[in-house]
Amino acid sequence: MVLQTMGLTKSYERRGERFLAADNIDLQVAADDFICVTGESGSGKSTLLNMLTGMIRADSGAILFDGEDLCKLGDDELAHLRNGKIGYIPQGNSLLQNFSVLDNVCLPWYLTRKDDIKNTARALLLKMGIADLERESPRNLSGGESRRVAIARSLIASPKILIADEPTGDLDPRNTDEVIRLFAEVHSQGVAVIIVTHERQVPSCANRHLMMVCGRLHAQ
Ligand SMILES: Nc1ncnc2c1ncn2[C@@H]1O[C@H](COP(=O)(O)OP(=O)(O)O)[C@@H](O)[C@H]1O
Ligand SMILES: [Mg+2]
């Protein structure tokens with residue numbers, strides 16, 4: 001098991017009323033899983049992924065990863081773990097516009113380490129088919145190219161798990177297929193994958209389909 005959650009719960013307040021954005025979620029992710037989570041907008045998908053990646057804290061429950069409960073780590077330890085061991089592709093365009101493509105890919109590495117990682121970043125850009133873009137500003141990239149950079153960035157520290165929030169949400173069908181193919185390739189090299197999509201179609205490379213409904217996670 002690469003990741004496991006138990007009773008993961010997160011509530012928010014709206015117009016004075018609390019509601020559960022994530023409701024008692026038990027999830028087990030095996031090392032060879034490719035999980036696709038679908039669900040309507042507002043069902044809690046991003047809330048779940050943001051807890052798994054330590055971006056937000058759960059109200060209660062546990063997230064076991066690599067022998068540790070993420071919920072019990074301090075902020076620095078959590079950032080270290082996220083930048084070093086979990087590949088994360090947030091929803092939307094998450095690249096830093098004032099940095100080059102290459103520097104964007106290297107950035108998570110340099111948050112915790114000093115040794116030069118540029119050649120690894122270049123190899124990842126090559127694998128994503130965008131080696132020629134390393135000096136570009138993210139401003140000049142198409143949606144598909146930006147997403148490829150975000151995938152390369154998520155892989156910089158050789159994570160055991162890759163977590164992506166609607167990685168194809170804003171892409172045309174051709175780029176959607178290509179990005180899914182890249183996830184399948186990463187998965188075939190031994191990385192567990194969780195992707196979220198609000199589209200109904202589940203990629204054929206996924207071995208598990210889960211659905212989020214009003215904060216609860218259901219097997220399909
Ligand atoms: N920081 C927040 N404060 C208050 N409500 C939030 C916050 N983040 C998300 N929500 C609400 O929680 C619910 C789930 O949101 P989200 O996880 O983003 O859903 P999804 O990713 O499935 O579209 C939505 O109703 C959303 O408006
Ligand atoms: Mg979302």
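In what sense, and over how many bridges, do strand E9 (residues 208-213) and E10 pair? The two run antiparallel, with 4 bridges between them, and Met212 has Leu217 in E10 as its bridge partner. Here strands (E, at least two residues) and helices (H or I, at least four) are DSSP runs, numbered from the N terminus, and two strands count as paired if DSSP finds at least two bridges between them.

A quick word on the model itself: it is predicted, so local features need pLDDT of at least 70 and side-chain atom pairs count only at pLDDT 80 or more, while totals for chains, interfaces and linings use all residues. Residues are numbered from 1 along each chain as its sequence is written, and chains are lettered from A and ligands numbered from 1 in the order in which they are written.

E9 and E10 belong to an open sheet of 6 strands, in the order E6-E7-E8-E3-E9-E10, with mixed pairing. Its edges are strand E6 (86-89) and strand E10 (216-219), each of which pairs on one side only. Neighbouring strands are turned against each other by 20° on average, direction ignored; axes are lines fitted to C-alpha atoms (for helices, over the stretch in contact), and angles run from 0 to 180 degrees between N-to-C directions.

Helices sit against this sheet. Helix H1 (residues 45-52) packs on it and touches strand E3 (34-38), strand E7 (161-165), strand E8 (192-197) and E9, where contact means that C-beta atoms, placed from the backbone, lie within 7 Å. The direction of H1 makes about 150° with that of E7. Helix H5 (residues 143-154), for its part, lies across E6 and E7, at about 165° to E6.

Then there is helix H6 (residues 173-188). Its buried residues (20 or more other C-beta atoms within 10 Å of their own; exposed means 12 or fewer, partly exposed in between, with C-beta atoms placed from the backbone) are Thr176, Val179, Ile180, Phe183 and Val186. They fall on the same side of H6 because they cover an arc of only 115° around the axis, the arc being that of the directions from the helix axis to the C-beta atoms. Their cover includes H5, E7 and E8, whereas the face turned away carries the exposed Arg174, Arg181 and Ser188. Just after H6, Gly190 takes a positive phi of about 95°.

Away from H6, strand E1 (residues 3-14) pairs with strand E2 (residues 17-29) in the antiparallel sense over 9 bridges. The two make a hairpin with 2 residues between them.

Technical notes. Two residues are in contact if their C-beta atoms, placed from the backbone, lie within 7 Å.
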